[in-house]
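Dear colleague,

Please find the structure we discussed below, with its sequence. My notes on the fold, the core, helix packing and charged pairs follow it.

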Amino acid sequence: MAASDKELSAQQSRDVAATIREELARRHISRQHLAEQAKISLSTLEKALGGHRPFTLATTGRLEQALGLSLRQAKSGETNGTPVAAPSNGDVAPD
């Protein structure tokens with residue numbers, strides 16, 4: 001299995017799914033729209049959100065890019081469970 005295809009743990013997948021569902025509701029966007037933005041199939045997104053398959057690192061990375069959020073928590077717990085905006089294109093986070 002390639003490094004980009006490694007699966008997140010069951011707990012990480014549940015956490016990522018919960019964050020994605022919250023963001024979809026908060027932003028009023030559809031799963032279809034997110035799948036298109038992340039360039040993944042709707043089926044893949046639906047299965048992962050439903051807990052029928054774990055998220056892979058590749059899929060998670062695409063979703064993070066599409067949402068502009070870090071979906072994976074730092075191992076040190078620095079984010080205390082709150083999604084952190086991922087700087088894109090070298091941008092610096094606002095104060």
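**Overall fold and confidence**

Read from the N terminus to the C terminus, the protein follows the pattern α-α-α-α-β-β. That makes 4 helices and 2 strands in the protein. Please bear in mind that this is a predicted model. The average pLDDT of the protein is 81, and 72% of the residues score at least 70.

Confidence varies between the elements: H2 has the highest mean pLDDT, at 97, and strand S2 (residues 84–85) the lowest, at 49. Residues 75–84 have a pLDDT below 50, and this stretch makes 10 contacts in the model beyond near neighbours in sequence. Where pLDDT is low, the predicted coordinates should not be read in detail.

Of the 95 residues of the protein, 27% count as buried. The exposed surface comes to about 6,300 Å², with carbon and sulfur atoms supplying 50% of it. Among contacts in the protein with a separation of 6 or more, 51% are between residues 24 or more positions apart.

**The nonpolar core**

In soluble globular proteins, nonpolar side chains tend to be buried together. In this model, the largest nonpolar core has 17 residues, and those with the most contacts inside it are Ile20, Leu34, Leu45, Leu49, Phe55 and Leu63. At least two residues of this core come from each of helix H1 (10–27), helix H2 (31–38), helix H3 (42–49) and helix H4 (57–67). H1 gives the most to this core, with 4 residues.

Leu45 illustrates how the core is joined. Leaving aside neighbours within four places in sequence, Leu45 is in contact with Arg31, Leu34, Ala35, Ile40 and Leu63.

**Helix H3 and its surroundings**

Which residues of H3 are buried? They are Thr44, Leu45, Ala48 and Leu49. These residues lie on the same side of H3, because they cover an arc of only 120° around the axis. The cover over the buried residues of H3 includes H1, H2 and H4.

H3 is followed by Gly51, which has a positive phi, near 80°.

Another approach of the chain involves Gln32, which is found in helix H2. The C-alpha atoms of Gln32 and Leu42 are separated by 5.9 Å, although these residues are 10 residues apart along the chain. Gln32 counts as partly exposed, because its relative accessibility is 37% and thus between the limits of 20% and 50%.

**Salt bridges**

The structure holds 4 salt bridges. I describe several of them below.

One joins Glu23 to Arg27, with the closest N and O atoms 2.8 Å apart. Both residues lie in helix H1, 4 residues apart, which is about one turn of the helix. Glu23 counts as buried, because its relative accessibility is 8%, under the 20% limit. Arg27, at 30% relative accessibility, counts as partly exposed. Glu23 and Arg27 also belong to a network of salt bridges that links them with Arg26.

Arg31 and Glu46 meet through their side chains in another salt bridge, at 2.7 Å from N to O. Arg31 lies in helix H2 and Glu46 in helix H3, so the pair ties together parts that are 15 residues apart in sequence. Arg31 counts as partly exposed at 28% relative accessibility, and Glu46 counts as partly exposed at 32%. As noted for the core, Arg31 is also in contact with Leu45.

A further salt bridge is formed by the side chains of Arg72 and Glu64, at 2.6 Å from N to O. Is Glu64 buried or exposed? At 12% relative accessibility, Glu64 counts as buried. Arg72 is partly exposed, with a relative accessible area of 33%.

**In short**

Helices H1, H2, H3 and H4 each supply at least two residues of the largest nonpolar core. H1, H2 and H4 are among what covers the buried residues of H3, while a salt bridge between Arg31 and Glu46 ties H2 to H3. For residues 75–84, please keep in mind that the pLDDT is below 50.

With kind regards

How values were computed. Residues numbered from 1 in each chain as written. Heavy atoms only, no water. Core = buried A, V, L, I, M, F, W, Y, C linked by side-chain atoms within 4.5 Å. Buried < 20%, exposed > 50% of the residue type's maximum accessible area, 1.4 Å probe, protein only. Contact = heavy atoms within 4.5 Å. pLDDT = per-residue confidence, 0-100. Arc of directions from axis to C-beta. Areas by Shrake-Rupley, 256 points an atom, 1.4 Å probe, with all protein chains shown as cover.
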